[in-house]
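Hi,

Here's the structure I said I'd pass along. Have a look at it first, and then read on for my notes.

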Amino acid sequence: MSLPGLIKSGDGTNRKRTVILNTIIIFSFVVVFFRLADIMVLKNRFYSEKAKSQQIKTEDIQTRRGNIYDRRGRDLAINLDLESLYCDPGEAHASTATIRKLSSILNTEPKAITAKLSQDRRFVWVDRKLSLATADRIRKLNVTGCGFVTEAKRFYPKSTLASHIVGAVGSENQPLEGIELQYDKYLRTTGGKVQVARDASGRVLSTGMTMEAKGNDIILTIDEGLQYIVEKELEKAMAAWRSVAVTAIMMDPFSGEILALANRPTYDLNNISGADRHEVRNRSITDVYEPGSTFKIVVGSAALEERLFPASQTFDCSKGSIEVGGKNVRDAHKHGVLTFEEVIQKSSNVGSIMIGMRLGKDRIYNYTKRFGFGEKTAIDLPGEVSGWIRRPEKWSATSLGAIPIGQEVAVTPLQVLRAYAAIANGGYLVRPHIVAEIRTPDGQTVFSAHQEEKQRILSERTAYAMRDILKLVVEEGGTATGAAVQGNKVAGKTGTAQLIDPKTRRYSRDRFISSFVGFVPADKPRLAMIVVVYEPKGQIYGGVVAAPVFKSVADQALSYLDIPMDDSPVKNLLLVSR
Amino acid sequence: MRKSSTFSLVFKPLCMVLLLFSLFSMVWLRSSVTSAAYTVRELEDKRTTEVKEMKSLLAERSRLMALSNVEFPRQGYAQGGRKLVSGGYVFPDRVKVIHVQRTKGPEVYRASYQPAEQR
């Protein structure tokens with residue numbers, strides 16, 4: 001048996017040849033052996049690294065912000081996966097015709113693209129966050145040295161709806177406003193990197209991992225339907241009264257859940273860069289104003305709680321004015337002699353000041369604080385201010401004639417609404433909140449809003465008595481007949497506050513804030529709502545300007561929520577349309 | 001002696017063949033697994049593309065389902081007519097809505113026998 005290549009021969013010349021051939025073969029094997037030893041042992045690390053760099057690719061785990069939903073699970077903020085076009089100018093080759101086509105797809109100048117492709121860098125963004133259709137059209141151009149990276153873009157499908165609640169993010173998905181900012185730590189998540197193997201043709205091996213990490217989803221207390229109704233009516237009011245701004249908040253008076261919150265002017269969440277600062281401002285919690293007559297419930301409730309007067313007590317308001325600390329305060333109309341209920345019903349300044357004088361500074365201040373004025377409501381939205389009220393020792397001689405009628409105090413619309421909610425729910429101060437639940441992407445609840453221990457600020461007797469008085473405001477003879485809703489009783493109060501003229505530093509004669517705050521159905525409240533119209537033109541009174549907005553919203557909201565009329569049976573109901 | 005020769009003649013080549021077959025099988029299996037992993041990745045990429053498409057379609061649906069679009073959809077002329085139609089959604093007029101007691105309606109006549117416990 002002989003090995004191939006090893007030739008045996010009997011003759012001398014052949015033997016020589018055989019030896020030479022065998023030597024060559026053995027030498028070749030030795031060379032191959034040493035070379036292999038060199039590659040596999042001596043230069044092992046070098047070649048391992050080289051192979052790794054060619055075969056292993058690092059991929060980013062894409063991060064996505066959690067979604068935001070309304071209380072019925074309707075989308076308010078979601079993510080879109082869009083394509084961003086990049087190029088390596090060193091590798092990029094594109095003809096003039098291709099660049100022209102590319103510029104036409106991207107809607108830019110060809111010069112701008114040429115400039116990007118000729119930069120002295122290894123990575124340049126050509127355009128970012130393009131739609132999938134646009135990306136497909138660009139792919140068909142087959143531009144060498146260019147590629148796509150998937151990037152997440154926040155998308156707000158309802159555009160301007162609930163803009164002051166949801167907030168927005170910037171171009172790099174950084175939070176800017178609203179819930180996006182307040183709950184950023186829950187919404188965002190961390191990504192990371194994963195190493196994947198690839199072959200010579202660039203095909204990537206599956207890792208079996210999910211290459212996307214998503215933050216927690218947030219479910220709000222607002223209802224898209226109610227929010228829409230409120231915003232639609234605010235839009236109409238803004239146009240009708242040519243006002244500077246309008247604000248409205250709707251709340252569940254028992255739980256403190258915000259059902260709707262809107263401001264006008266507003267902005268498109270998908271284009272926050274194009275919005276003005278005053279459009280982005282959430283006036284319902286960041287702006288303070290003098291509440292005017294809506295504040296009269298403080299002295300009214302205090303008088304009832306302290307049992308200051310007998311039920312038959314009357315107030316002589318026939319002069320139509322009262323002097324406090326040298327300042328004359330007038331009623332809008334002369335009223336004559338009024339009962340306690342009529343003082344609130346007809347919104348008499350004179351009567352309210354008389355009640356305030358009987359209460360005294362300290363009790364007025366204490367009840368103001370009890371109602372939560374002068375401190376934040378702790379709503380879970382950014383930018384809330386506390387408003388202010390001076391301590392009694394710092395009151396001026398005229399303060400006792402101003403504070404009972406809602407002057408010399410600064411409040412936010414939300415604070416006023418919370419005070420009225422306390423009357424609606426039987427005397428408890430609730431904490432307004434806007435987030436109902438936070439859930440992980442796999443559906444586990446990490447946070448659920450619950451009402452903390454209720455803080456009683458008024459006795460049930462006082463709350464019910466005030467509720468009955470506030471019902472009179474909306475009835476014939478009251479200041480807010482325009483807020484009456486067919487089928488359900490409304491309880492509420494109007495407010496007409498003068499603004500300070502910055503030039504004269506006195507109350508302006510032509511700049512007002514008109515408001516109405518109330519709840520419906522009055523005897524079994526489901527909705528508490530405030531409407532504030534800033535600087536209306538043509539009319540100034542809250543009963544004329546803001547109360548009709550309340551009525552329009554309440555009419556539709558009661559219908560939307562299937563709340564039966566007061567005279568309907570309340571159990572086993574079936575809705576039937578005539 | 002004869003036994004040993006039969007063993008060598010039959011089993012040794014068989015073992016060699018088996019060994020070779022096992023070796024090639026392992027190589028083939030390994031390459032198949034790798035190839036399957038590449039195919040899985042391609043499918044994952046396809047799924048990613050489809051998910052992207054699905055996300056944008058869901059976003060579009062969500063945009064179109066906004067109440068402002070439902071209440072005031074694109075207006076148009078009725079077929080053959082000149083009247084402008086909106087076909088929009090309106091909240092029910094509460095005055096025209098009545099609430100009635102939910103009662104059991106008349107039972108459908110059943111010809112077949114039904115035991116009492118099933119009724």
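Below is what turned up, starting with the pockets and ending with the contact between the chains.

One thing up front: this is a predicted model, so read everything here as computed from that.

**Largest pocket**

The largest pocket comes out at a volume of about 1700 Å³. It has 50 lining residues, and the closest to its centre are A:Asp60, A:Gln62, A:Arg64, A:Val149 and A:Thr150. Both chains have elements that give two or more residues to this lining: from chain A there are strands E1 (56-60), E2 (62-64), E4 (75-87), E5 (124-130) and E6 (146-155) plus helix H5 (132-139), and from chain B there is helix H1 (2-64). The biggest contributor is H1(B), with 10 residues. If you care about the chemistry of the lining, it splits into 22 charged, 14 polar and 14 nonpolar residues.

**Second largest pocket**

This one holds about 1300 Å³ of space. Its lining has 37 residues, with A:Arg330, A:Asn349, A:Gln407, A:Thr496 and A:Gln498 nearest the centre. Four elements of chain A each put in at least two residues: strand E14 (327-330), strand E22 (491-500), strand E23 (507-520) and helix H19 (542-545). E22(A) gives the most, with 6 residues. Here the lining divides into 16 polar, 11 nonpolar and 10 charged residues.

**Where the chains meet**

The size of an interface is often given as the accessible area lost when the parts come together. For chain A and chain B that buried area is about 3600 Å², with 56% of it on carbon and sulfur atoms. The contact involves 48 residues of chain A and 31 residues of chain B.

On the polar side, there are 4 salt bridges between the two chains. One to pull up in your viewer is B:Arg41 with A:Glu59, where the closest N and O atoms are 2.8 Å apart. I also get 9 residue pairs in polar contact between chain A and chain B, counting pairs with both residues at pLDDT 80 or more.

On the chain A side of the contact, the elements giving two or more residues are E4, E6, strand E7 (193-197), helix H9 (224-240), helix H20 (547-560) and strand E25 (573-577). E4(A) has the largest share of that side, at 6 residues. By type, the chain A side has 21 nonpolar, 15 charged and 12 polar residues.

E4 and E6 of chain A are worth a click, as they appear in the lining of the largest pocket and also on the side of chain A that touches chain B.

Cheers

Methods
Residues numbered from 1 in each chain as written. Chains lettered and ligands numbered in written order. Predicted model: local features only at pLDDT ≥ 70, side-chain atom pairs only at ≥ 80, totals over all residues. Heavy atoms only, no water. 1 Å grid on protein atoms, 1.4 Å probe; cavity = no way out; pocket = protein on both sides within 12 Å on 5 of 7 lines; lining within 4 Å. Points joined across faces, edges and corners; volume = space filled by probe spheres on them. Nonpolar A, V, L, I, M, F, W, Y, C, P; charged D, E, K, R; others polar. Contact = heavy atoms within 4.5 Å. Buried area = accessible area lost by both parts, 1.4 Å probe. Salt bridge = Lys/Arg side-chain N within 4 Å of Asp/Glu carboxyl O. Polar contact = N/O pair within 3.5 Å; in protein donor to acceptor, adjacent residues only side chain to side chain.
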